[in-house]
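Visitor: I'd like a close look at one part of this model, please. Pick out the strand pairing and what sits around it, and take your time.

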Amino acid sequence: MTTQSIAGPFQPGHNHKACVRDAMNIAEQLCQSKDLRLTKIRKRVLELVWAGHEPATAYQLLKKLRAEKENAEPPTVYRALDFLVEHNLVHRIESLNAFIGCDHPESEHVSQFLICSHCNQVAELDDSVTINHAVSEEAKRLGFKVSNQTVEIMGLCAACQ
Ligand SMILES: [Zn+2]
Ligand SMILES: [Zn+2]
Ligand SMILES: [Zn+2]
């Protein structure tokens with residue numbers, strides 16, 4: 001929304017507390033406006049995903065939940081993740097089979113990600129429109145119908161270089 005351009009994990013002086021606070025506010029507003037139920041467990045899983053900009057696996061999330069609530073079962077976590085992914089509140093990083101929070105779930109978007117192979121932090125590209133457009137144009141030219149587009153770029157962030 002407003003802060004995302006300065007909120008990226010690879011920006012110097014990144015304020016993650018503010019980042020999480022904004023993300024949770026946005027999630028609550030989104031769910032309210034779309035009449036979706038951000039249940040306790042969904043909210044907690046979202047908070048756990050937002051613990052950092054390192055993608056979290058379902059297993060890691062389950063482990064954290066179990067530390068708080070012993071009877072947390074895998075389907076509980078999977079169902080919460082399904083909901084969060086469906087509404088763009090989190091994205092699945094295919095190559096890592098892990099999840100990362102999205103700070104602009106209110107807009108429909110196909111994302112591209114920069115993944116630092118050293119600190120494991122992931123940033124979502126802000127301007128996905130140009131890249132998506134280029135991909136779909138080229139696919140169209142070849143008569144190819146895109147069903148799923150995953151752009152995950154591995155490398156080193158500024159701090160890790
Ligand atoms: Zn952050
Ligand atoms: Zn996103
Ligand atoms: Zn890094």
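Visitor: How many bridges join β3 to β5, and do these strands run parallel or antiparallel?

Guide: Keep in mind as we go that this is a predicted model. The answer is five bridges, with β3 and β5 running parallel. If you want one pair to click on, take I115, whose bridge partner in β5 is M154. Strand β3 itself spans residues 112–116 and is mostly covered, with four of its five residues buried.

β3 has another neighbour too. Strand β4 (residues 122–124) is joined to β3 by three bridges, and this pair runs antiparallel. Here L114 is the residue to look at, since its bridge partner in β4 is A123. The two strands make a hairpin with five residues between them, and N120 takes a positive phi near 70° in that hairpin.

Now for the metal at this spot. The zinc ion (ligand 3) has four cysteine sulfurs as its protein donors, from C116, C119, C157 and C160, at 2.2 to 2.4 Å. The site is tetrahedral, with angles of 101 to 117° among the four donor atoms. Along the chain the donors follow the spacing C-x2-C-x37-C-x2-C. C119 belongs to the loop between β3 and β4, while C157 is in the segment after β5, so this pair ties together parts that are 38 residues apart in sequence. C119 and C157 are both buried.

β4 leads us on to another metal, because E124 closes that strand's range of 122–124 and is also a donor to the zinc ion (ligand 2). That ion's protein donors are H91 through NE2, C102 through SG, H109 through NE2, and E124, listed twice through OE, with distances of 2.0 to 2.6 Å. Their spacing in sequence reads H-x10-C-x6-H-x14-E. C102 counts as buried because its relative accessible area is 3%, against a cut-off of 20%. H109 is also on the buried side of that cut-off, so its 16% relative accessibility still qualifies.

Follow H91 from there and you land in the other hairpin: its bridge partner in β2 is I100. Strand β1 (residues 90–93) and β2 are antiparallel and joined by four bridges. Four residues lie between them in the hairpin, where N97 in the turn has a positive phi of about 50°. β2 (residues 98–101) is covered on both faces, with A98 and I100 buried on one side and F99 and G101 buried on the other.

For a contrast with all that burial, go to the loop between α6 (128–141) and β5 (151–155), where L142 sits. L142 counts as exposed because its relative accessibility is 60%, over the 50% cut-off. It belongs to a nonpolar surface patch with I131, V135, F144 and V146, and together the five have about 430 Å² of accessible area.

One last stop is the zinc ion (ligand 1), coordinated by H14 (NE2), H16 (ND1), C19 (SG) and H53 (NE2) at 2.0 to 2.4 Å. This site is tetrahedral, with angles of 101 to 117°, and its donor residues are spaced H-x1-H-x2-C-x33-H. Among them, C19 is buried at 7% relative accessibility, whereas H14 is partly exposed at 21%.

Methods:
Residues are numbered from 1 along each chain as its sequence is written. Chains are lettered from A and ligands numbered from 1 in the order in which they are written. This is a predicted model: local features need pLDDT of at least 70, side-chain atom pairs count only at pLDDT 80 or more; totals for chains, interfaces and linings use all residues. Side-chain values use heavy atoms; hydrogens and water are left out. Donors are N, O and S atoms within 2.8 Å of the metal (3.2 Å for Na, K and Ca); water is not among the atoms, so sites may look incomplete. Buried means under 20% relative accessible area, exposed over 50%, partly exposed in between (1.4 Å probe, protein chains only). Patches are made of residues with over 30% relative accessible area and no salt bridge: like charges are joined within 9 Å, nonpolar side chains (Val, Leu, Ile, Met, Phe, Trp, Tyr) within 5 Å. Accessible areas come from the Shrake-Rupley method with a 1.4 Å probe; for residues, only the protein chains shown count as cover. A salt bridge is a side-chain nitrogen of Lys or Arg within 4 Å of a carboxyl oxygen of Asp or Glu. Four donors count as tetrahedral if all angles lie between 85 and 135 degrees; four count as square planar and six as octahedral if opposite donors are over 155 degrees apart and all others between 65 and 115; anything else is irregular. Two strands pair if DSSP finds at least two bridges between them.
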